[in-house]
Structures are given as C-alpha cells and as structure tokens.
Amino acid sequence: MIAPADLIDRLGALVGAAQVLTDADDLPAYRADGRGPAGGVPLAVVRPASADEVSALMRLSAQSGVRIVVQGGRTGLAGAGLASEGDGDLIVNLDRLSRHIAIDPVNRTATVDAGVRLSALNAAAAEHGLFFPIDLGADPSIGGMIAANTGGARLLRYGDVRANLMAIDMVRADEHGTILSLGAPLWKNNTGLDLKQMLVGSGGSTGIVTRATVALQPRPALQMTALVALRDPTAALTLLLALEAGFGTLLSAFEGMSAPAMAAALSHVPGLRAPFADLPPYAVLLELTAGAAFDADLLEERLAVILEPLMDGTDAPVVDVAVDHRDGLWAIRHAIPEGLRASGTVVACDISLRRGDVMRFRADMAARLAVEAPTLQPHDFGHIGDGGLHYNLVWPQAVGPADAAMVERARTLIFDCVVREYGGSFSAEHGVGPRNMAHYLRFVPPDVRRLAGSVQHLMAPVSLGRIDFGRTE
C-alpha cells in the first residue's frame, strides 16, 4: 500500500500538482450532483487531460488499492459519480478531457472527448446543420451520458444514448490501465459482440470512457409544439395513437403534465405564461418536427384534422389547444422540476411502464397514496409517449419538515406497485447508482445479479465506481 501523502505526490507527478485537489475549499463542488450535496469527502479530486493520464491513474489505483470513482458533469441523479462516505475514494473528474470535437457532416457523426458537454457538441454540430438528438434539461458530459444511458424528451423519435452510440475509446480498470477502442464510426457494424455496450448504463463501473463517436441527426427546419388540454387524462393514449397514425416519425415528443405539476411551474418560475385561462386536469405537450420540404401551415392543418373528432361535443376529451412555433410551451415543461423544488420537499420516482398502463397506474397510485401517505401530493409529469413517468410527490412547505417514515412508505409503495403489479421499471433513465441500489437488490433476481457481477468483474477486475451489480444482499 502507498501512504496517502506519497499517493498525492505521485498523482501530482502524473497530471500536475495543480490538477490534484485536496483543499477543503475546493471539494464541495465535486461532492454534489443533480440532486444537490450528498457525496462523501474524497481522498482527492484528480483532473486528467488525456487518455494516457487516465490510464496512468488506473495503474496507480491498482497499485495502491484506492478505488477510483469517475465523475463527469455532475448532473446525474443516482449518486454514481460521488465519493462514498468514509472510504477515501479517489474522484477522477473528466472536465479537462474536453478538447477534441470532430464533426463528420457527411457521415453524420461526431467524435468527442468524454468531458465535452452536450451544449458544446451541439454548438459544433449546428455549424453543419446537425445535432445530437438526446434532449435534456441539464448539460451533462458525453461520457456521463454514456454511463447513465440518458434518454430525454425526444426518445420517442430518436432513441436513447445506446441507440446513438457508434464507438468508444476506454481505459480498462486493470493493473495495466489498458486502453481499448471498441466499435467504429459506421452505421452498420456487425462483427461480433458489441462490447462498447457494456459501458452504457454502467454508472462508470465497467470502464472509463475517454472518447466517443455518436450519431448526429439533421436539425429540423420546422418545429411546431402544441399543448393539448385534456378533460380526462385517460384520453392521452387515444391522442398518442392518433398522432402516430397521422404523423409517423414527425412526432418527436409526447410529454404529459398533471395540473399540480403545471401549477407549480407557473407559480414559482418567473417568465412563464399560462397557456389556458384555467389549468386542465392533465395536458400533453406534443412536438412535430420536419425538414424544409414540409410546410408549417400544412402541419397545423393536419393537427387540427386529427384533433377535431376529439373536441366534438360537450364531453369531448380535448377541451383546448395552444400552438407554438417557438419554445414557450417547452419552457413550462422544463420548469416543472424547479417549480416542484420551490413548492416543498420532492420525493422523486423515475419509473417506466407499458404505454397503455401509464394512466391506469396514475389513478391507481393516487388512490393508494391518499390512504397511505395523504400529506404527499402527486405532481407527476414525463415522457409518457415512451412509457416514462416522473411520478414525483411533494411534501408542502406549509406543512413543515417531511415525515421520513411516510416518505419511505410512499416510495416503497410506488416501486412495489410499478415492478410487481405492472411489470415496469423502478429506474427509467436515472440509472442504478447508490441511491437506487436498495431497490436493485429488491427487484433484480439473484441469478441475474450474479451474472451482472461476473460481467462487471470481467470488464473491471480492479474496483471502479460505487456500483456492485453482483451484490447478493
């Protein structure tokens, strides 16, 4: 074993002393992610600037026995990029690994360092009329997006990161810090096991991504959004099927918002404009995007034709529609998380179900929570076009501090119902970090966990990250 002081000196020799942070004043930013401050105090935060430096750090970790926790843009919500309490983890932060952005406009690909932010990638791609179609409210690093397999609001049309990943360069967690290239910038490549996918959704536990090639899409020349107010939330499925039949892949997003979620955004986030005089019980934000060959007026006319039978009669399921050709309606959807935080203590549940079960689950769970956790108020919203639902609850500020026992009872009730009764997922897109590990152990069968642990150990024989997929207790 290497003494801590000697280890710090050796780290400085590898990446430069200025890039090894140990001072208490420097560490708070690296102990927080998208959920806020939560991580333990690391032994140090190391900021490499190349794959060779990452490899050298991995070799030193193998020699010293100190566990590396890889950290990207610190926007994750599962805690996978934060140090654990009391274990003296070494955080390897990839912010400086962000100099390389190469756009191939003919192949429609981008090859970027792992620390490149989504906004920087899209700014470079925009110069060629392209974009990386994973739409998120945050601005994560590309490496972090791979580790979390992010989806976002436009998964309905473009898929998640896994579906848009072509190649990676990685550093293995072994005693040599082996550097490997997996995949290629090819749209078709069927040459054996697709090993790069072993790093997707791994939470940084199977290897360290240092560079990636991702698929790009043409930037839509035409975008139209509409907020459809529903009398009854169950009409959302009828609306979704009608839109898919009428527009096909022109339908790029289908986002559901409950009245409490919209009210929280409109009440607490400045600059938003209410689209309706009275908020409906439920609303769907839909987005249509198309190329220059399409006409905005024709899209709007076609939408009116599809909505007309749903608005006919005094009890029609659609009660109003607001149309926008800019981002005003999206602003309401993106403001919901901030609005919920301002309303009280948020209990976040990122779940997914079969599309046809979403509305049935909402009604079922609201009735159960009214009995089991009456103080917690559902403020749900999310990507219901792909079955994703942020079934978030709010403990109102006016009530005082949240009751921890009631919160835990509610979360357990929600996840048990989702997984065991509806066959859904307790983590639709946030991943399995430390914050979800207890639920992973409850819901993933032991034989599956053992197999996952074997794959993880094969990929990373030296301890890497905070997730152990092979845990049996």
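## A walk from D380 through sheet, cavity and salt bridges

D380 lies in the loop between β20 and β21 (381–382). Since this is a predicted model, everything that follows describes computed geometry. With a relative accessibility of 2%, D380 counts as buried, because the cut-off for that class is under 20%. Its acidic side chain has company there: the side chain of D380 makes a polar contact with the side chain of R362, at 2.5 Å.

From D380 you can step back into β20 and look at the sheet that holds this strand. Three strands form an open sheet in the order β18-β23-β20, and the pairing is antiparallel. β18 (344–347) and β20 (377–378) stand at the edges with a single partner strand each, so one side of each has no neighbour in the sheet. Follow β20 across to its partner: β20 and β23 (residues 393–396) pair in the antiparallel sense over two bridges. If you would like a residue to click on, take Q377, whose bridge partner in β23 is V394.

Let us turn from strands to empty space. Rolling a probe the size of a water molecule over the atoms shows where such space is left. How many cavities of 30 Å³ or more does the count give? The count comes to one cavity, and the space in this largest cavity is about 70 Å³. Its lining is made up of A236, L237, L240, F254, R355, V358, M359 and I384. Two helices, α6 (235–247) and α10 (358–372), each supply at least two of the lining residues. The largest share, three residues, comes from α6. In chemical terms the lining of the largest cavity has seven nonpolar residues, no polar ones and one charged one.

The second largest pocket gives you another space to explore, with a volume of about 670 Å³. Its lining counts 31 residues, and N149, R162, V200, G201 and S202 are those that lie nearest its centre. Which elements each supply at least two residues of this lining? They are β19 (350–352), β22 (388–390) and α13 (446–459). By class, the lining of the second largest pocket has 11 nonpolar, 15 polar and five charged residues.

One of the residues nearest the centre of that pocket, N149, deserves a pause for its backbone. Most residues other than glycine have a negative phi. N149 has a positive phi of about 50 degrees, although it is not a glycine. You will find N149 in the loop between α4 and α5. Is N149 buried or exposed? N149 is buried, with a relative accessible area of 15%.

The loop between α4 and α5 also brings us to the charged pairs. Side chains of opposite charge can pair when their charged atoms come close. The structure holds 19 salt bridges, and three of them make good stops on this walk. In one of these, the side chains of R154 and D135 meet at 2.8 Å, N to O. R154 lies in the loop between α4 (142–148) and α5 (155–158), while D135 lies in the loop between β9 (130–131) and α4, so the pair ties together parts that are 19 residues apart in sequence. Both R154 and D135 are buried.

Another salt bridge joins R74 and D95, whose closest N and O atoms are 3.3 Å apart. Here too the pair links distant parts of the chain: R74 is in the loop between β5 (68–71) and β6 (90–93), D95 is in the loop between β6 and β7 (101–104), and the two are 21 residues apart. R74 counts as partly exposed, with a relative accessible area of 23%. Its backbone is worth a look as well, since phi of R74 is near 60 degrees, a positive value in a residue other than glycine.

The last stop is the salt bridge between the side chains of R172 and D174, at 3.8 Å from N to O. The two partners fall into separate accessibility classes: R172 is partly exposed, with a relative accessible area of 22%, whereas D174, at 7%, counts as buried. Salt bridges can also be chained together through shared partners, and in this way R74, D95 and R117 are joined into one network.

Conventions. Residues are numbered from 1 along each chain as its sequence is written. This is a predicted model: local features need pLDDT of at least 70, side-chain atom pairs count only at pLDDT 80 or more; totals for chains, interfaces and linings use all residues. Side-chain values use heavy atoms; hydrogens and water are left out. On a 1 Å grid over the protein atoms alone, a cavity is a set of points where a 1.4 Å probe fits but cannot get out, and a pocket is an open set with protein on both sides within 12 Å along at least five of seven lines; lining residues have an atom within 4 Å of a point. Grid points are joined across faces, edges and corners, and a volume is the space filled by probe spheres set on the points. Helices (H or I, at least four residues) and strands (E, at least two) are DSSP runs, numbered from the N terminus. Ala, Val, Leu, Ile, Met, Phe, Trp, Tyr, Cys and Pro count as nonpolar, Asp, Glu, Lys and Arg as charged, and the others, Gly among them, as polar. Two strands pair if DSSP finds at least two bridges between them. A salt bridge is a side-chain nitrogen of Lys or Arg within 4 Å of a carboxyl oxygen of Asp or Glu. Buried means under 20% relative accessible area, exposed over 50%, partly exposed in between (1.4 Å probe, protein chains only). A polar contact is a pair of N or O atoms within 3.5 Å; within protein, one must be able to donate a hydrogen and the other to accept it, and residues adjacent in sequence count only if both atoms are side-chain atoms.
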